[in-house]
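Here is a friendly walk through one protein model, from a single loop residue out to a sheet and its helices. Have the viewer open and follow along.

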Amino acid sequence: MNISYNWLRDYLDINLKAEELSAVLTDIGLEVEGIEHHEKIKGGLEGFIIGEVITCEKHPDADKLSVTTVDIGSDTPLNIVCGAPNVAAGQKVVVATIGSVIYKGNEQFEIKKAKLRGIISEGMICAEDETGMGDRHDGILVLPDEAKTGTPAKEYFNLQPDTVFIIGLTPNRIDSASHYGVARDLAAYLGKDMAVKAVLPDTGSFTVDNTTDKVDVIIENPDACHRYTGVSISGVTVGPSPQWLQERLRSIGLNPINNVVDITNFVLHELGQPLHAFDADQLKERKIIVKNLPAGTPFVTLDGVEHKLHQEDLMICDGEGPVGIAGVFGGLHSGITEHTRNLFIESAYFNPAFVRSTSRRLGINTDASFRFERGVDPDMVITALKRAALLIKEVSGGFISSELVDVHPRPILPFRVEVTYKNIDRLIGLAIDRNIIKDILTRLEIKILNETGEKLILEVPPYRVDVTREADVIEEILRIYGYNNVPVSETLKASLSFTSKPDREKMVNKVSDLLCGSGFTEIMSNSITTSAYYEKLTSYPPGRLVKILNPLSNELNVMRQTLIFGGLEALIHNVNRKNPDLRLYEYGNCYFYDPEAAGKESLAPYHEEFHIGIFLTGLRNEVNWTSKEEHTSFFQMKGYVENVLHHLGFDLQKIRNEPLTNKNDLYDQAILLKVDEVPVAELAILSSGLVSSFDLKSEVYYADLFWEKIVNVAGEVHMQFTELPRFPEVRRDLALLLDKPVTFEQVKELAYQTERKLLKKVILFDVYEDEKMGKDKKSYAVSFILQDNEKTLTDERIDRVMKNLMEACKKDLHAEIR
């Protein structure tokens with residue numbers, strides 16, 4: 001939100017420096033994210049002086065040039081060569097002195113002392129477009145005789161530079177979404193040290209000229225529209241806005257449209273109350289009906305886009321059909337054009353929930369919906385309407401041709417809150433003087449209805465939609481008292497806590513350190529995602545999505561069920577920025593809804609699971625003269641996952657894997673890792689269709705670690721110290737001719753079952769396939785590492801173990817020993 005300092009001063013008499021005011025705004029919860037300087041005219045006419053042409057003669061060597069002397073209030077007049085046909089002695093003109101800069105569109109040039117056809121020129125007499133005051137260039141700009149020689153042009157044209165504060169407005173502070181709202185909050189804070197008060201614009205001169213153009217208002221859905229007011233203005237002339245109005249809007253980044261629409265925008269940013277202007281001649285039967293329409297009803301908005309309405313969308317209708325979406329956007333056929341002569345101005349209070357739902361559903365976000373969906377001030381509705389009517393009469397002509405219509409079926413009353421001094425002291429951590437507390441409440445426009453002992457009964461104005469509880473009031477007191485005024489205690493209080501084993505936080509940090517040391521980068525994705533990712537999935541069906549009731553947008557409307565999509569978004573983001581070789585990991589919760597549990601306890605259908613997602617893509621190592629190009633692989637990912645599990649104390653010999661076939665819509669190939677029949681991780685090559693849908697060209701390898709199950713199993717793992725072996729290990733190799741369906745996992749498992757004491761490792765170091773061996777055959781070259789911790793192995797014992805292993809492979813795996 002942009003706040004103009006010059007505009008702000010219309011409601012609050014202060015003269016703080018911009019940096020000081022920025023600090024104050026941030027202290028009271030209106031964080032200033034940036035400060036910009038705004039100029040009515042680029043460059044601010046710096047170096048431009050009002051001058052008087054003393055003499056004007058024809059240039060001796062150029063028919064179209066004139067040689068002038070110009071008095072700019074200095075000791076010596078300037079010699080200026082001018083090419084304008086209308087320059088003459090006695091004129092008051094604008095002079096760009098040496099060193100000043102002329103801006104014309106995106107171009108600029110500096111005025112320098114120069115010779116023009118042999119005569120020195122010490123400046124330039126400016127045309128209208130060269131000053132930035134207009135577009136004309138048919139001659140110099142001639143000022144009235146009253147213009148004072150030597151006056152800086154920026155003073156003559158009243159070009160006051162402006163400072164614009166960019167405020168990061170939090171959702172709960174909609175009361176400050178206007179210049180008056182910010183002024184009101186500043187007055188509450190500054191009022192402790194100076195006599196300042198925010199002043200509302202005067203609407204006392206509002207009078208009804210006649211009642212010839214009455215518009216009837218009917219509210220059919222009072223739950224959605226609590227108050228609707230309006231007034232008719234006839235005989236207006238729609239055209240460009242006056243300069244002051246255009247400048248106010250431009251200072252906060254808005255482009256002027258026409259004098260009527262600009263006034264509604266001006267009042268919106270002045271008072272925080274959205275308004276809408278209808279062309280009254282387009283309102284059929286001179287009626288406004290606030291109601292809902294059947295689902296699927298088409299409606300074309302001001303931008304020319306047709307929308308299909310939902311049955312809960314609140315609409316503004318005339319006697320025949322819809323003319324606007326309540327609190328969101330107007331209709332195409334009732335908008336203001338250059339032919340409009342009669343107006344109906346709307347000022348209303350719509351239920352925030354209805355506006356929010358409609359805005360999200362239709363994907364339309366406007367300045368009006370931003371305020372309505374957070375809650376505007378119901379007591380500002382009439383003030384804003386009168387203010388707009390008076391300004392429209394001033395800038396567009398016309399007369400007020402109806403009484404104010406005010407239909408108010410659901411009055412919004414102030415909030416009553418009970419506060420105790422004891423709780424104020426306890427939550428703030430400081431005993432503030434009671435009179436100071438009451439003064440702060442008064443400056444915040446919170447009425448003290450009753451005070452009995454230590455208790456206050458308060459009435460909070462309805463524009464403070466975020467102050468409804470005792471804690472809210474205490475926060476307001478502290479905000480205005482000043483967070484920096486609460487002293488830091490010299491004592492430190494602490495309590496001992498017991499952490500259950502295994503320590504989940506330590507385990508997370510342990511895995512993070514390991515992965516980062518292996519070249520991985522941690523990412524953090526939004527846990528809110530789009531339902532479009534899940535529409536055709538069976539692995540994570542749409543029926544199990546946790547849906548957001550009031551989503552920020554259609555792209556952020558559900559909670560994620562998997563970390564895959566956030567990781568893919570991170571991958572393509574980096575690949576598009578020439579960073580294709582990636583190792584990423586992410587910790588995060590995944591969320592699930594169980595339709596079968598619906599109807600039980602309110603939270604029964606919902607649960608969340610903590611996962612670790614690991615992603616690999618691109619090249620394994622950076623290519624250089626010592627290494628060849630090698631892509632990442634599934635087995636590289638498997639190694640990383642096994643390293644993580646080993647680091648957490650798992651015995652790799654107890655980890656089993658099996659094919660995973662129930663997620664073919666996400667994975668091209670996948671395995672499931674188990675420890676004692678408990679699934680702990682999935683390893684997969686992501687589906688080529690899924691990967692290409694994100695415009696990724698390389699294969700993506702993905703691992704999903706089920707953290708909750710890993711923690712539970714890790715709690716049963718007891719790590720023990722084992723001394724380094726004193727006796728050497730022995731390696732023996734076998735070449736096994738096997739059927740193709742036999743996996744290395746089966747070979748390894750059989751080997752450990754056959755020799756439990758001496759066998760330490762089983763390593764697959766070669767796989768060979770050839771039609772000469774048989775169509776359905778393959779050869780595994782396997783190493784067996786044997787070791788006795790108590791003595792050196794003899795050849796006899798080694799041969800006996802190897803014989804048992806070969807016999808087991810022949811019997812159980814139908815292997816041939818080559």
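## A serine in a loop

Ser176 sits in the loop that links strand E13 (162-167) to H5; helices (H or I, at least four residues) and strands (E, at least two) are DSSP runs, numbered from the N terminus. This is a predicted model, in which local features need pLDDT of at least 70, side-chain atom pairs count only at pLDDT 80 or more, and totals for chains, interfaces and linings use all residues. Residues are numbered from 1 along each chain as its sequence is written, and side-chain values use heavy atoms, with hydrogens and water left out.

Is Ser176 buried or exposed? Its relative accessibility is 0%, so Ser176 counts as buried (buried means under 20% relative accessible area, exposed over 50%, partly exposed in between, with a 1.4 Å probe and protein chains only). Leaving aside residues up to four places away in sequence, Ser176 touches Met1, Leu30, Leu169, Gly181, Val182 and Asp185, where contact means heavy atoms within 4.5 Å.

## Helices around it

The axes of helix H2 (residues 18-27) and helix H5 (residues 179-190) come within 10 Å and cross at roughly 90 degrees, which makes H2 roughly perpendicular to H5. Axes here are lines fitted to C-alpha atoms, for helices over the stretch in contact, and angles run from 0 to 180 degrees between N-to-C directions; angles under 35 degrees count as roughly parallel, over 145 as roughly antiparallel, 65 to 115 as roughly perpendicular and the rest as oblique. From H2, Leu21, Val24, Leu25 and Asp27 meet Val182, Leu186, Tyr189 and Leu190 of H5.

In helix H6 (residues 243-251), the buried residues are Leu245, Gln246, Glu247, Arg248, Leu249 and Ser251. They pack against strand E1 (2-4), helix H1 (5-8), strand E2 (32-38), E13 and helix H7 (259-271). Just after H6, Gly253 takes a positive phi of about 90 degrees.

## Cysteines

How many disulfides are there? The count is zero, with a disulfide taken as a pair of cysteine sulfur atoms within 2.5 Å. For Cys56, the nearest cysteine sulfur belongs to Cys82, 7.5 Å away; Cys56 is partly exposed, at 28% relative accessible area. Cys126 is in no disulfide either, with the sulfur of Cys82 nearest at 9.4 Å, and Cys126 is buried at 0%.

## Strand pairs and a sheet

Two strands pair if DSSP finds at least two bridges between them. The table lists three antiparallel pairs.

| Strands | Bridges | One bridge pair |
|---|---|---|
| E26 (residues 415-420) and E28 (residues 455-460) | six bridges | Arg416 and Glu459 |
| E27 (residues 447-452) and E28 | five bridges | Ile448 and Leu458 |
| E32 (residues 582-593) and E33 (residues 606-617) | twelve bridges | Tyr587 and Ile612 |

The hairpin of E27 and E28 has two residues between the strands, and Gly453 there takes a positive phi near 65 degrees.

E32 and E33 also belong to an open sheet of seven strands with mixed pairing, in the order E29-E32-E33-E37-E36-E35-E34. Strand E29 (521-522) and strand E34 (655-659) stand at its edges with a single partner strand each, so one side of each has no neighbour in the sheet. Helix H16 (residues 634-647) lies across E32, E33, E34, strand E35 (667-675), strand E36 (678-686) and strand E37 (700-706), at about 155 degrees to E36. Helix H18 (residues 707-714) lies across E33, E35, E36 and E37, running at about 50 degrees to E37.
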